[in-house]
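Student: I've got a new structure open and I'm not sure how to read it. Could you walk me through its features?

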Amino acid sequence: QVQLVESGGGLVQAGGSLSLSCAASGQTFSSSAMGWFRQAPGKEREFVAHIRWSGASTYYADSVKGRFTISGDSAKNTVYLQMNSLQPEDTAVYYCAAGTRYYRFYYYYIQASQFDYWGQGTQVTVSS
């Protein structure tokens with residue numbers, strides 16, 4: 001059984017920074033991409049960022065582009081999210097995810113349904 005465990009969430013003032021980490025454990029698997037999604041109260045889960053190991057390509061939602069940076073280690077199935085210039089609208093539970101299927105095009109990895117394993121989530125709260 002695969003487990004993804006996030007850490008690093010918390011409370012921060014607007015304009016501040018937080019760094020999230022996600023590590024896989026349990027059954028060995030090979031991922032093609034890992035990503036971060038978030039869900040705010042009363043809203044649907046939305047894509048934040050992903051990293052595709054082939055070419056180490058990254059992609060971001062427009063709402064976080066220029067403020068968030070995703071990185072990771074494919075050999076360890078580990079992914080990080082550096083979040084800068086945080087705003088109250090970034091408040092949400094952040095989930096990491098790992099996908100095992102390879103897709104040539106980035107837009108497949110924007111869809112939550114294309115990811116196979118999920119973490120339990122970590123709360124990020126940004127106060128104004």
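Tutor: Sure. Let's start with one word we'll need: a residue is called buried when its relative accessible area is under 20%, exposed when over 50%, and partly exposed in between. Keep in mind, too, that this is a predicted model.

Student: Okay, let me try the word out. Is D90 buried or exposed?

Tutor: D90 has a relative accessibility of 1%, so D90 counts as buried.

Student: It's a charged residue, so what does D90 form a salt bridge with?

Tutor: Its partner is R38, and the closest N and O atoms are 3.0 Å apart. D90 sits in the loop between strand 8 and strand 9, while R38 is in strand 4, so look for two distant parts of the chain, 52 residues apart. R38 is buried as well, because its relative accessible area is 6%.

Student: Which residues are linked with these two in a network of salt bridges?

Tutor: E46 and R67 join R38 and D90 in that network.

Student: How many salt bridges are there by this rule?

Tutor: The count comes to 5. Here is another of them: D62 pairs with K65, with the closest N and O atoms 3.1 Å apart. D62 is exposed at a relative accessible area of 63%, whereas K65, at 47%, counts as partly exposed.

Student: And what about D116?

Tutor: D116 forms a salt bridge with R101, and there the closest N and O atoms are 3.0 Å apart. Both residues lie in the loop between strand 9 and strand 10, so the pair ties together parts that are 15 residues apart in sequence. D116 is partly exposed at 32%, and R101 is partly exposed at 34%.

Student: Let's turn to the inside. What is the general idea there?

Tutor: In soluble globular proteins, nonpolar side chains tend to be buried together. In this model, the largest nonpolar core has 36 residues, and the ones touching the most other members are W36, L81, M83 and Y94.

Student: Which elements give two or more residues to this core?

Tutor: They are strands 1, 3, 4, 5, 7, 8, 9 and 11. Strand 9 gives the most, with 5 residues.

Student: Can we zoom in on one member? What does L81 touch?

Tutor: Leaving out residues up to four places away in sequence, L81 touches L18, S19, L20, W36, V48, A49, F68, T69, I70 and Y94. Two of those, W36 and Y94, were on our list of residues that touch the most other core members.

Student: Where should I look for nonpolar residues on the surface?

Tutor: Try F105, Y106 and Y107, which form a nonpolar patch with about 290 Å² of accessible area together. F105 is in the loop between strand 9 and strand 10, and at 40% relative accessibility it counts as partly exposed.

Student: Last one: how do I read a disulfide?

Tutor: A disulfide is a covalent bond between the sulfur atoms of two cysteines. A search of the whole structure finds 1, and it joins C22 to C96 with an S to S distance of 1.9 Å. C22 lies in strand 3 and C96 in strand 9, so the pair ties together parts that are 74 residues apart in sequence. The link is right-handed, with 45° about the S-S bond.

Student: Are those cysteines buried or exposed?

Tutor: C22 counts as buried at 1% relative accessibility, and C96 is buried at 0%.

Key. Residues are numbered from 1 along each chain as its sequence is written. This is a predicted model: local features need pLDDT of at least 70, side-chain atom pairs count only at pLDDT 80 or more; totals for chains, interfaces and linings use all residues. Side-chain values use heavy atoms; hydrogens and water are left out. A nonpolar core is a set of buried Ala, Val, Leu, Ile, Met, Phe, Trp, Tyr and Cys residues joined through side-chain atoms within 4.5 Å. Buried means under 20% relative accessible area, exposed over 50%, partly exposed in between (1.4 Å probe, protein chains only). Helices (H or I, at least four residues) and strands (E, at least two) are DSSP runs, numbered from the N terminus. Contact means heavy atoms within 4.5 Å. A salt bridge is a side-chain nitrogen of Lys or Arg within 4 Å of a carboxyl oxygen of Asp or Glu. Patches are made of residues with over 30% relative accessible area and no salt bridge: like charges are joined within 9 Å, nonpolar side chains (Val, Leu, Ile, Met, Phe, Trp, Tyr) within 5 Å. Accessible areas come from the Shrake-Rupley method with a 1.4 Å probe; for residues, only the protein chains shown count as cover. A disulfide is a pair of cysteine sulfur atoms within 2.5 Å.
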